[in-house]
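Open the model in your viewer and keep the selection tool at hand. The tour goes from one selection to the next.

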Amino acid sequence: MLDTVVGSDAFLHLVWDFAPDAMVLSDGDGVVLMANAAYCRLYGYEVEEIVGHSFAIIFPPEQRTRAIERYRAVYAGAGDTPIHETWIRRKDGTGRFVQARAEVIVQNGRPRAMFSIIRDISERQAAEQQQREFLAIASHELRNPLSLISGVAQLMRRRNAYNERSVETIIAQAGHLNRLVDDVLSLANLESGHLQLVRAPVDLVALMRTAVEQAQAQTTQHHVRIESAPERLDGIWDADRLGQVIDNLLSNAMKYSPGGGDVIVRIDDEGSCVRVSIRDHGAGIPAEALGRIFDRFYRADGTGTDAEGFGIGLFVAKSIVELHGGQIGVEAEPGRGSTFSFTLPQATATG
């Protein structure tokens, strides 16, 4: 059939058979004459279920009559249709978002067949939706600390008086903003493959003590403390990036335990690796969220808190740990808190 409509060409047949986009050829009544493998995969039908049958099989029964009417109108007009995007339903009931265009093939002044090409753009649509949601969240998350900093500064100016607590609030919110910006920049570098580690000698215990002191300075509700650690633990790691991981995990622990309580840090030398654990006594994480908690842009629901964020902090932390050759994980029980822990292989340590 392809030969009679568009001429004999072995290369054209090869393109038809192996094209990644779905292609279908149908007659004036909408009966499918040919469908390539990509078309069958997209809609989830075997070729025998499509060829020789109305193209309208891909529509729900209540939509088929209208679909055929539209098809015949385009066919009678012997023209092409603009590229359009639409949602399609597969045989198994699942859906995909596609970009489609159809053109009537005319020979000797008469329409001979309709050629349609359909491209699956579901991943692109999902990425665009994810981007829109991220921008909305980012604008909200950045505006909150900026508004608080501005409000506190204006209050101090009106009172014409220095206020230690107000200054602490400004410093804490500025630190929060800095973490958000660091995470966004790290995400951009990760996605472009440009995030590089700058390894140098570092005492992991000293790095953790500094992070704990800074975290404690930002809260009066939590008691952030190191429960167990050697006197020092030296290794060749990227101190700035590990500091970012630790800051994110401590911030996460405080964010998801809004009622306060202990945030406990452990550092253990396990011989083949170093393990850092951070435990809180907050809302915990629902079981269904554990498998996705480190995904980019994912924010767990059902934690019983109104905690906000970009949904990239844990993704960035995981990526940095893995760049070091380590692993990160979480154990949690709803209502009883969470324990995040990561390892660093001792192969990178100096002794």
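Which strands does helix 5 (residues 61–77) lie across? Select strand 1 (22–26), strand 3, strand 4 and strand 5: helix 5 lies across these, at about 125 degrees to strand 5. Helices (H or I, at least four residues) and strands (E, at least two) are DSSP runs numbered from the N terminus. Angles, from 0 to 180 degrees, are between N-to-C directions of axes fitted to C-alpha atoms, for helices over the stretch in contact, meaning heavy atoms within 4.5 Å.

This is a predicted model: local features need pLDDT of at least 70, side-chain atom pairs need 80 or more, and totals for chains, interfaces and linings use all residues. Numbering starts from 1 along each chain as its sequence is written, and side-chain values use heavy atoms, without hydrogens and water.

Now show the open sheet. Its five strands run in the order 2-1-5-4-3, with antiparallel pairing; a pair needs at least two DSSP bridges. Strand 2 (32–35) and strand 3 (84–89) are at the edges, each with a single partner strand, so one side of each has no neighbour in the sheet. Zoom in on strand 4 (residues 95–107) and strand 5 (residues 110–120), paired over ten bridges. Gln-107 has Arg-110 as its bridge partner.

Next, select Asp-262 and Arg-225. They form a salt bridge at 3.4 Å, N to O (side-chain nitrogen of Lys or Arg within 4 Å of a carboxyl oxygen of Asp or Glu). Asp-262 is in strand 9 (residues 261–269) and Arg-225 in strand 7 (residues 222–228), 37 residues apart.

Finish on Asp-203, Arg-232 and Asp-234, linked in a network of salt bridges.
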